[in-house]
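Please open the structure in a viewer and keep the selection panel at hand. The tour below proceeds from one selection to the next.

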Amino acid sequence: MGLALLVVIWLITFISTYFFAAKTWWLPHGASTAARFIDGQFTLTFVLMGIVFVAAQVALGYFAWKYRDRPSAPPVAYSHGNVKLEIVWTALTTILFIGLNLMGYPVWAANRWEPARPGAMQVEVTGMQFAWYFRYPGPDGRYGRTSPKLMDPSAGGEAAVGLDTSDPAAKDDVVTGSLYLPVNREVDLTLRSVDVIHSFFVPSLRFKQDAVPGLMIHMHFTPTEVGDYEIACAELCGLGHYKMHGMVHVLSQEDYEKWMAAREAEKQ
Amino acid sequence: MATYIPTRPVDHIGHDQNPPVPPRGGGDDGRSDYPNYGARLRRARLGLICGMVTVTMLFISLTSAYIVRRGLPTFDATKQGYFRDWGEVPLPWLLLGINTAILIISSITVEGARRSIARRAALAPVKSIPGVSLGDEKNFPWLAITVVLGFGFLLGQWLAWGELKARGFFVNTNPDASFIYLLTAAHALHLTGGIIAMIWAGITSLLHRPIEARRIAIDVTAWYWHFMAALWVYVFALFGLMR
Amino acid sequence: MATRATVHAHAAPQGFIRKYIFSLDHKVIGIQYIFLALTAVWVGMFLSLLMRIHLYWPNAVLPLIGEIKPETYTALLTMHGTIMVFFVLTTAPQGGFGNYFLPIQIGAPDMAFPVLNMLSFWTTFVAFVVMIAAFFVQGGAPLHGWTGYPPLSAVQSAGPGEGLGADLWITSIAIFCIASLMGALNFLTTTLDMRAKGMTMMRMPLTVWSWFITAMLGLLAFGVLLSAGILLLLDRNLGTSFYVPLVVVNGVQMGHKGGSPLLWQHLFWFFGHPEVYIAILPGMGVTSQILSTFSRKPIFGYRAMVYAMLTIGFFGFMVWGHHMFMSGMSPYSAFAFSILTMCIGVPSAIKTFNWLGTMMKGRIRFTTPMLYAIGFVSLFVSGGLSGPFLAQPVLDIQLHDTYFVVGHFHLIMGVAAIFGMFAATYYWVPKMFGRMMNEFWGRVHFFITLIGTYAIFMPMHYLGMAGGTRRYSSYLEVGYLTKLMPLHEFMTYAAIITIAAQFIFVINLFSSIFKGPKASDNPWEATTLEWTTATPPPHDNFNGMTPVVHNGPYEYGVPGAPKDYVMQTDTPVTVAGAH
């Protein structure tokens, strides 16, 4: 029985670890400035925890086999423990866990404690059951007024976010269903939600933030590679949660400007 | 080297011998033929303390919600900015003050009931000796007065609610009103529990239960009642602090 | 050693109803709790099976149930979570085994307040009925998840199931809170006041410590959930604005103004985090007990184990914010919550080391309860080590609300706790029903369940790393998620096999209760007080006696002792040269 247990526990351990270590399913390719740091911290955590995981499971299986009861087994070592040993591993795990945690903070601070640099591109993200809308302030750099009374989700676009077209600042506001961004430029997103909590999650850009009704949350990131990235809603928002997706299109600066000019032209 | 030194023969339950009765220890109440009311009282009080911790947590949680909800602004799309949506409710201070006084007085009367029955319970073993008489007891109806005062307080709170409604503040009028209704209702509900317990204690006194058992019921109820009075003073003070 | 006692809190009841239905006997109540939880776990497991089937065969039309629509799926996940957390993980280890064995293990004839105990069970039962009723009302069960974040849970028009179903859901939880508070009060008073002579706090079995600390957590946590629930009910039905700001649902502006959705999250998780320890602590206790018993060795670091559990309980109240790193809460407080969360990893690690230390240099007897206890340690390690990932806010940017989280908490709080319950069942059924359980089928059940569990929950970590969001009724709508379908396929098959294997357990349990070989008073040669009394224990637990305790709870392999174990009531162990 001890041997069976050893084999099963070791097999589980090695198979589980294999799929992590072989990166069969790893973090998706990162395409933002934060990705490198986040992935680094993830890998570090993974290596350290992986060592502890394998060591603990291997020891568990080995002990089960080694100290199984059999006629030839030596008598048990009568002991109530060892205070010195307890202190040693308490100290070690404390250092390991706290140290590991502190190492992640520069990234967190850059992402969340510091606001976007001035001159960052402004985009407002609005979540509603079950779609994302993106609003660009236009050449004047100001968002037009929105009003809950004007919101019409079935109409989509401007009407869905309730844009008050009588406001002069709203005249050049562009509302889209996909997010278009120029590469290598910092984006300052303003996240809001009109009904329930949604979460704006772009795995490839290592970006996630809840959009909470009653709050305007500013969050910034910088895409570094041209490409199309999928958005998934990461906070249960109702029956259509699973299909509340969208796209982020990261374009070169010229392509972005062309696209934006076309949108502004449509508004006229 | 560790060695096992037997100091007494191993003795299992079920052996037909009479081991010496050990002195009280651990949590054992040294069970004897006479019900140990002291232990029961201690147990009941311990249970009460746990219950009071629970009620305290409930009110701490409501208080923190009150403070947080008052302090947090939320974004209002109609006004395009962050606003604190509060709106203070003018409270009927005089009425609430009278209620507070009633509850404090009732706390004093219930203490009278608690002490009176504790005294009588202490004398009970003496009285049970045949031929011993301590003369007629003159029982001041402390408990009944407390119950009446308790109902008085509830009535007062009801009137205070009526006054709020008359001033146009309903539970959903603004968050301050919501919390005022909620906290007073939560307190009143807990207080009603105390009244029921007291009425129950009064009924048991008619049922020829031993005085020591009744004493436990009244003792615990009295402490609960003090707690309710203190809780109300806290809620009352909180209302004052929040405006 | 024992002394005569003549007074019991209540006499042995006679009629069927007083004896088995509205019983005041903590043992009957414990069994009632266990069977309630057993019913609930089958319901919960069935719901998870439906979810897994739907994820892999989205268009399947099931007999009796029909087609699973997206809103059905979200209702399933809500009810699965709620039923499992409240009516299984909170009910069975604490209300069930705790109720049955806490008084016996401390040498008490019953709980401190038997009537309250009975009320506590029946209140739980009512809560369960109310919860199940949510399935059968207009609109069905709510779809807001077991965490019930408003405004989704607070606005009636936010989705199907958010009408009466959601009201029943929150009412059931409120009732459950009251039941748990009554139970916690009883557990604490009993432990503090009813210990037998000589049963000092530091001689209590670790199971008793775990139930005691769990009761403390319950006492402090459930009141907060109750208040949060009341606020939610008011928001839902009386138009108050505690949680709901101005929202526009389906183009209709609601009457609420200025509420804070984060307020609910703070209150809920202030309860919710201690709740995971409420679920797992009894499992830790029973694992310690069983590892020591079947390694024939004293538990390694008894005091360290007690302090570790107390520390876990203490820190458990200060880490709730780690569920909210992505919620819009202040990123500065995320730092504090994250450090405190890491601190909680330390006592957990100590416990693991001590379990390994207990097995080391022992003579391990591989009974079924021991297998489950070892399985518990394995799952605890696996589930625990994904904790330091999730405790880092910066990694939560990728992992929050993905299957990585689902895998993490299922391993550590779900299946580990259930392994604790399995261990407890195989260990204590001989005492409870006087019959041994079948060892062969116990082992078969163990190995299938252990492998199956890892097969279901380990791939969830891979899924989560790749960005696989949780609570999605279909993975076919989003491009990158569709590529992850093979993992879902594997997990679905694993789940079907593992769930099927649970029939082995139930059949083994019931056939053993009725037909198993008779159990002796102490079949495992264990030391704690429940093994000193008759099997099954008499109405007042010790047949008119009250045990006197001389020893610590885990005196195995004492050198020079007549047997390889010294019971708590045996001659005092005085060991020269050892501490």
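Throughout this tour, two residues are in contact when heavy atoms of theirs lie within 4.5 Å. The model is a predicted one.

**Stop 1: a loop residue of chain C**

Select C:Ser157, which sits in the loop between H4 and helix H5 (164–193) of chain C. Which residues does C:Ser157 touch, not counting residues up to four places away in sequence? They are C:Val249, C:Asn250 and C:Met254. Add C:Asn250 to the selection: 93 residues separate it from C:Ser157 along the chain, and the two C-alpha atoms are separated by 8.3 Å. C:Ser157 has a relative accessible area of 36%, so it is partly exposed.

**Stop 2: two helices of chain C, H2 and H4**

Next, select helix H2 (residues 26–56) and helix H4 (residues 114–133) of chain C. Two packed helices are described by the angle between their axes and the distance between the axes. Here the angle is about 15° and the axes are 10 Å apart. Angles under 35 degrees count as roughly parallel, and H2(C) and H4(C) are therefore roughly parallel to each other. The crossing in which H2(C) passes H4(C) is left-handed. To display the contact, show side chains on both helices: H2(C) contributes residues including C:His26, C:Tyr33, C:Leu36 and C:Val43, while H4(C) contributes, among them, C:Pro114, C:Phe121, C:Trp122, C:Phe125 and C:Phe128.

**Stop 3: H10 and H13 of chain C**

Now select helix H10 (residues 368–385) of chain C together with H13(C). Are these two helices roughly parallel or antiparallel to each other? They pack at an angle of about 170°, with their axes 8 Å apart; H10(C) and H13(C) are therefore roughly antiparallel. On the H10(C) side, the contact includes C:Tyr372, C:Phe376, C:Leu379 and C:Phe380, as well as the glycines C:Gly375, C:Gly383 and C:Gly384. On the H13(C) side, it includes C:His408, C:Leu411, C:Phe419, C:Phe422 and C:Tyr426.

**Stop 4: the largest nonpolar core**

Keep H13(C) selected and extend the view to the largest nonpolar core, which has 355 residues. The residues with the most contacts inside this core are A:Tyr136, A:Phe200, C:Phe86, C:Tyr243, C:Ile374 and C:Trp428. Helix H13 (residues 403–433) of chain C gives the most to the core, with 20 residues. Where does the core lie with respect to domain 1 (2–69 + 81–112) and domain 2 (120–267) of chain A? Both domains give residues to the core, so it lies between them. Apart from this core lies another one, of eleven residues, including A:Tyr133, A:Met151, A:Ala160 and A:Ala170.

For a closer view of the larger core, centre on C:Phe86. Leaving aside neighbours within four places in sequence, C:Phe86 is in contact with C:Thr91, C:Trp146, C:Ile173, C:Phe176, C:Phe222, C:Leu225 and C:Phe271.

**Stop 5: chain A, its domains and helix H4**

Colour chain A by its domain assignment, which gives domain 1 (2–69 + 81–112) and domain 2 (120–267). The C-alpha centres of the two domains lie 38 Å apart. Their contact takes 13 residues from domain 1 and 13 residues from domain 2.

Within chain A, select helix H4 (residues 105–113), whose buried residues are A:Tyr105, A:Val107, A:Trp108, A:Ala109, A:Asn111 and A:Arg112. The cover over these residues includes helices H2 (33–66) and H3 (83–103) and strands S7 (207–211) and S8 (217–221) of chain A, together with helices H9 (331–359) and H12 (393–399) of chain C.

**Stop 6: A:Val194**

Move to A:Val194, in the loop between strand S5 (187–193) and strand S6 (198–202) of chain A. Its relative accessibility is 6%, so A:Val194 counts as buried. Beyond neighbours within four places in sequence, A:Val194 is in contact with A:Thr126, A:Gly127, A:Met128 and A:Met151, and with C:Leu246, C:Val247 and C:Val248.

**Stop 7: chain B**

Finally, select chain B, which holds five helices and three strands. From the N terminus on, its elements run β-α-β-β-α-α-α-α. Of its 243 residues, 47% count as buried. One of the residues to inspect is B:Thr100, in helix H2 (residues 93–127) of chain B. B:Thr100 has 10% relative accessibility and therefore counts as buried. Leaving aside neighbours within four places in sequence, B:Thr100 is in contact with B:Trp232, B:Val233 and B:Phe236.

Conventions: Residues are numbered from 1 along each chain as its sequence is written. Chains are lettered from A and ligands numbered from 1 in the order in which they are written. This is a predicted model: local features need pLDDT of at least 70, side-chain atom pairs count only at pLDDT 80 or more; totals for chains, interfaces and linings use all residues. Side-chain values use heavy atoms; hydrogens and water are left out. A nonpolar core is a set of buried Ala, Val, Leu, Ile, Met, Phe, Trp, Tyr and Cys residues joined through side-chain atoms within 4.5 Å. Buried means under 20% relative accessible area, exposed over 50%, partly exposed in between (1.4 Å probe, protein chains only). Helices (H or I, at least four residues) and strands (E, at least two) are DSSP runs, numbered from the N terminus. Domain bounds come from an automatic or database domain assignment. Axes are lines fitted to C-alpha atoms, for helices over the stretch in contact, and angles run from 0 to 180 degrees between N-to-C directions. Angles under 35 degrees count as roughly parallel, over 145 as roughly antiparallel, 65 to 115 as roughly perpendicular and the rest as oblique. A crossing is left-handed if the near helix is turned anticlockwise from the far one by less than a right angle, and right-handed if clockwise.
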